[in-house]
Amino acid sequence: PTVPGFPIHTSLDLARMWNLMRDPWHDRGCHLSFVVIDAKGVPRPYPLDIDVTPVPDADRLAMVLDILIDMLALLAPGGSVAVGLIVPDRNDCDRSLVDGWLSVMNAQLAARDLAAWPVFFGDGAHMAPACPSLSTVA
């Protein structure tokens, strides 16, 4: 899906973006979606998506976040990153897997000098902050 082009300035804007990006006709399974947002709050048009593996993979997330830091430096200096964990079918991923990925994601984000919005979690029908207190964006 393409990312809506309106500016992201609040968590409500971010929730609106995630909810507009969902595609109920296309079931990708569990995946993480990353959106680069420039310094003016305008998201880049295409997300970077990775599939969620059965075991949370900190090394894989570290690699993706390092790529996103490079993308921010080149495409959106002073920008931020939004992350969504999408589980279209609750039968696809159990809660312990979701909690494991959220834990690894939050640890990897905290280990970097990276402006990041709260990680959002949803089932394809509704997206909401998974843990709003872990945001590094005002």
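How many Å should the 16 residues of α3 span, and how far apart are its end C-alpha atoms? In this predicted model, the expected span at 1.5 Å a residue is 22 Å, and the end C-alpha atoms of α3 are 22 Å apart, which agrees.

Now look at what surrounds α3. Many of its residues are listed as buried, among them Leu97, Trp101, Val104, Met105 and Leu109. Gly100, Asn106 and Gln108 are buried too. The cover over the buried residues of α3 includes β1 (31-37), α2, β3 (80-86) and β4.

The nonpolar packing comes next. In soluble globular proteins, nonpolar side chains tend to be buried together. Here the largest nonpolar core has 27 residues, and Leu32, Phe34, Leu61, Leu85 and Met105 touch the most other members. β1, α2, β3 and α3 each give two or more residues to this core. α3 supplies the largest share, seven residues. A second, separate core holds 15 residues, including Val3, Val35, Ile86 and Trp117.

Take Leu61 as an example. Leaving aside residues up to four places away in sequence, Leu61 touches Leu32, Phe34, Ile50, Trp101, Val104, Met105 and Gln108.

Finally, the charged side chains. The whole structure contains one salt bridge. Arg112 pairs with Asp66, and their closest N and O atoms are 3.1 Å apart. The partners are 46 residues apart and link distant parts of the chain: Asp66 sits in helix α2 (residues 58-75), Arg112 in the loop between α3 (95-110) and β4 (120-122). Arg112 has a relative accessible area of 17%, so it counts as buried. Asp66, at 38%, is partly exposed.

Definitions and conventions: Residues are numbered from 1 along each chain as its sequence is written. This is a predicted model: local features need pLDDT of at least 70, side-chain atom pairs count only at pLDDT 80 or more; totals for chains, interfaces and linings use all residues. Side-chain values use heavy atoms; hydrogens and water are left out. A salt bridge is a side-chain nitrogen of Lys or Arg within 4 Å of a carboxyl oxygen of Asp or Glu. Helices (H or I, at least four residues) and strands (E, at least two) are DSSP runs, numbered from the N terminus. Buried means under 20% relative accessible area, exposed over 50%, partly exposed in between (1.4 Å probe, protein chains only). The expected span of a helix is 1.5 Å times one less than its number of residues. Contact means heavy atoms within 4.5 Å. A nonpolar core is a set of buried Ala, Val, Leu, Ile, Met, Phe, Trp, Tyr and Cys residues joined through side-chain atoms within 4.5 Å.
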